[in-house]
Amino acid sequence: MMEQFDVIIVGGGPAGLECARELSKSSLRVLLLEKREGFGDKLCAGGLTAKAMEILPLPDHIIEQKILRTSIHSRRRDAGTVTPEAKLFTVNRPVLGAYQRSLLEGTQVEVRTDSQVIEIRENTVVLKNGKQYEFRYLVGADGYSSMVRRHLGLKVDKKLIGFQYNIPVEHEYPALEISMDAHRFSVWYAWIFPHGDTIAVGCCCDPRRVDPQKIKVGFHDWLNDRKIDPGDARLESYPIAYDYRGVKFGNTFLVGEAAGLASGLTGEGIYQSLVSGQEVARLIIDPMHKTDKLDQVLKYNRILERVMAVFRWAGPLRGALQEFLVILMNKEWLRKKINAQFTSES
Ligand SMILES: Cc1cc2nc3c(=O)[nH]c(=O)nc-3n(C[C@H](O)[C@H](O)[C@H](O)COP(=O)(O)OP(=O)(O)OC[C@H]3O[C@@H](n4cnc5c(N)ncnc54)[C@H](O)[C@@H]3O)c2cc1C
């Protein structure tokens with residue numbers, strides 16, 4: 001007879017593992033299926049805000065670097081902030097994945113790796129290894145190329161392409177850096193996320209708006225100017241979905257990037273994944289649950305999309321707007337406002 005579960009979660013990224021952690025507090029029978037052997041092997045700059053840490057508090061040994069200094073640059077100007085306490089953190093994604101997985105030890109959640117879902121039939125998932133499981137609720141936490149989302153007939157029209165090098169460094173890099181340059185990165189920017197003995201250096205863009213090959217050339221020109229030599233590091237690339245259409249579709253739910261919950265401006269997605277994973281679990285446990293935290297995430301994403309729209313609308317004046325933004329970034333009131341976006345004060 002086919003094994004039956006109350007909830008089957010497809011995918012063990014930040015969204016799926018957080019959803020499982022929240023469901024582990026109920027008496028529901030839960031199965032999490034992950035296609036890979038381990039967790040978290042995904043291209044990412046590994047940046048987390050204090051807001052994300054409020055959802056999933058991380059012990060110090062999981063954090064690679066606590067960021068106290070942030071610098072933001074336009075072509076001609078620089079601004080910076082130093083906070084007494086870290087509001088930004090970096091993590092290694094496989095370490096984060098292993099930690100999230102460890103939180104399920106001793107709970108009633110069953111976790112199966114090497115378990116790729118290849119087909120969804122009515123209330124049944126079919127795995128590549130031929131196994132089949134029955135569910136009452138299905139959660140698609142399977143990231144950008146979500147098959148649960150495809151099963152629901154939802155396309156991903158709004159996406160970014162992210163490029164990134166992970167480069168070894170001899171000394172801890174002191175600040176997280178954001179570089180805007182309309183000629184090179186259009187509406188988006190290049191980033192340097194410090195990780196102790198490496199730095200994640202990358203940028204992203206929406207291929208519907210600009211040619212990613214052009215952005216790639218601009219990115220390498222910028223690396224040259226910044227005297228950053230990737231050495232033997234490989235340039236990796238992966239899409240980021242920001243095409244949100246909802247989380248609940250009958251007895252099927254979408255969370256994280258499967259739901260298109262990343263930001264179309266910054267590419268940030270871990271925080272949104274954690275919140276949606278938690279909120280969907282609460283909704284399954286209690287259908288009357290008010291998803292206020294998810295509403296806040298949607299509002300946050302909308303604000304960032306509006307900023308992106310203003311930069312797009314600025315056209316040839318985009319560079320001037322970026323210069324103006326950096327001037328404003330030297331004002332204490334704006335720095336406070338932006339820092340507040342990293343915590344639940346916002
Ligand atoms: C270059 C780059 C840099 C980024 N930097 C940041 C950053 O600094 N901070 C930030 O917050 N976000 C960042 N992001 C975005 C972030 O990585 C994602 O938004 C986040 O990982 C989404 O989490 P998720 O759990 O929804 O999906 P994922 O992390 O993609 O997890 C999905 C999981 O599902 C599994 N899976 C997929 N299909 C199946 C299947 N059929 N059966 C079973 N399992 C399946 C996958 O193996 C994977 O483990 C970055 C993205 C890119 C591309």
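This report covers the ligand shell, one sheet, the nonpolar core and a few loop residues. The model is predicted.

**Ligand shell**

The ligand is surrounded by 40 residues. The closest are Gly11, Gly13, Gly143, Gly256 and Gly269. Four elements give two or more residues to this shell: helix 1 (14-23), strand 12 (159-168), strand 16 (236-241) and helix 7 (270-285). By class, the shell holds 18 nonpolar, 15 polar and seven charged residues.

**Helix 1**

Helix 1, one of the elements that give two or more residues to the ligand shell, is mostly covered. Ten of its ten residues are buried. Among them are Pro14, Gly16 and Leu17, and also the charged residues Glu18, Arg21 and Glu22. What do the buried residues of helix 1 pack against? Their partners are strand 1 (3-10), strand 2 (30-33), helix 3 (93-102), strand 11 (132-140) and helix 7.

**Nonpolar core**

In soluble globular proteins, nonpolar side chains tend to be buried together. Here the largest nonpolar core has 86 residues. Those with the most contacts inside this core are Val7, Ile8, Ile9, Cys19, Val139, Cys203 and Val255. Helix 7 gives the most to the core, with seven residues. Cys19 is also one of the buried residues of helix 1. Ile8 shows what such contacts look like. Leaving aside neighbours within four places in sequence, Ile8 is in contact with Leu31, Leu33, Val125, Tyr133, Phe135 and Leu138.

**The seven-stranded sheet**

Seven strands form an open sheet. Their order is 6-5-13-14-15-12-16, and the pairing is mixed. Which strands lie at the edges? They are strand 6 (78-82) and strand 16, each pairing on one side only. Neighbouring strands of the sheet are turned by 20 degrees against each other on average, direction ignored.

At one end, strand 5 (residues 69-73) pairs with strand 6 in the antiparallel sense, over five bridges. Ser71 stands opposite Gly80 in strand 6. Helix 9 (residues 318-329) lies across strand 5, strand 6 and strand 13 (175-180). Helix 9 runs at about 35 degrees to strand 6. At the other edge, strand 16 also gives two or more residues to the ligand shell.

**Loop residues**

Ser186 has a positive phi of about 55 degrees, although it is not a glycine. Lys227 likewise has a positive phi of about 55 degrees and is not a glycine. Are Ser186 and Lys227 buried or exposed? Ser186 counts as buried because it has 21 C-beta neighbours inside 10 Å, and 20 or more are needed. Lys227 has 6 such neighbours, so it counts as exposed, the limit being 12 or fewer. Pro230 has 13, so it falls in between and counts as partly exposed.

| Residue | Loop between | C-beta neighbours inside 10 Å |
|---|---|---|
| Ser186 | helix 5 (182-185) and strand 14 (189-194) | 21, buried |
| Lys227 | helix 6 (212-225) and strand 16 | 6, exposed |
| Pro230 | helix 6 and strand 16 | 13, partly exposed |

Pro230 touches Tyr165, Ile167 and Leu223, not counting residues up to four places away in sequence. Tyr165 and Ile167 belong to strand 12 (159-168), and Leu223 to helix 6 (212-225). The C-alpha atoms of Pro230 and Asp142 are separated by 31 Å. Along the chain, Pro230 and Asp142 are 88 residues apart.

Terms used. Residues are numbered from 1 along each chain as its sequence is written. This is a predicted model: local features need pLDDT of at least 70, side-chain atom pairs count only at pLDDT 80 or more; totals for chains, interfaces and linings use all residues. A residue is near a molecule or strand if its C-beta atom, placed from the backbone, lies within 6 Å of it. Two strands pair if DSSP finds at least two bridges between them. Axes are lines fitted to C-alpha atoms, for helices over the stretch in contact, and angles run from 0 to 180 degrees between N-to-C directions. Two residues are in contact if their C-beta atoms, placed from the backbone, lie within 7 Å. A nonpolar core is a set of buried Ala, Val, Leu, Ile, Met, Phe, Trp, Tyr and Cys residues joined through C-beta atoms within 7 Å.
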